[in-house]
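Reader: I am new to this structure and should be grateful for a close look at one part of it, namely its salt bridges. Which residues form them, and how exposed are those residues?

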Amino acid sequence: MSEIAKFSATETLRDGRRVEIRALRHEDRTGLEDAVRRASAEVPPPPFLCGKTPFFRQEMEFFSDIDLSAM
């Protein structure tokens with residue numbers, strides 16, 4: 001496993017919540033799909049942009065199946 005795949009840092013947001021910053025993993029796919037779906041529904045796009053439809057299967061594979069071993 002590469003050093004990038006093992007990297008993890010915990011930071012505190014201004015409101016006091018703590019977040020972990022790390023590489024995206026395949027098992028994060030469902031959470032990523034949920035986040036995109038919520039963002040698309042909650043945030044209206046600016047007038048000059050069109051909204052993003054939910055990710056296609058190929059897009060989700062591209063973002064969730066990252067090979068960090070080569071880095």
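Author: The following account begins with the whole protein and then turns to the salt bridges.

The model is predicted: local features need pLDDT of at least 70 and side-chain atom pairs count only at pLDDT 80 or more, whereas totals for chains, interfaces and linings use all residues. Residues are numbered from 1 along each chain as its sequence is written, and side-chain values use heavy atoms, with hydrogens and water left out.

The protein contains three helices and two strands, where helices (H or I, at least four residues) and strands (E, at least two) are DSSP runs numbered from the N terminus. Along the sequence these elements follow the pattern α-β-β-α-α. Of its 71 residues, 14% count as buried; buried means under 20% relative accessible area, exposed over 50%, and partly exposed in between, with a 1.4 Å probe and protein chains only.

A salt bridge is a side-chain nitrogen of Lys or Arg within 4 Å of a carboxyl oxygen of Asp or Glu. By this rule, six salt bridges are counted.

One of them joins R17 to D15, with the closest N and O atoms 2.8 Å apart. Both R17 and D15 are exposed.

Another salt bridge brings together the side chains of R22 and D28, at 2.8 Å from N to O. R22 is partly exposed, its relative accessible area being 27%. The pair does not stand alone, for E20, R22 and D28 are linked in a network of salt bridges.

A further salt bridge lies between R57 and E61, whose closest N and O atoms are 3.1 Å apart. Both residues belong to helix α3 (residues 57–64), and because they are four residues apart there, about one helical turn separates them. Their exposure may be stated for each in turn: R57 is exposed, with a relative accessible area of 53%, while E61 is partly exposed, at 30%.

The surroundings of this last pair include R29, a residue of helix α2 (residues 29–42). Leaving aside residues up to four places away in sequence, R29 touches R57 and E61, as well as M60, S64 and D65; a contact means heavy atoms within 4.5 Å. R29 counts as buried because its relative accessibility is 19%.

For the protein as a whole, residues 24 or more positions apart account for 44% of the contacts with a separation of 6 or more.
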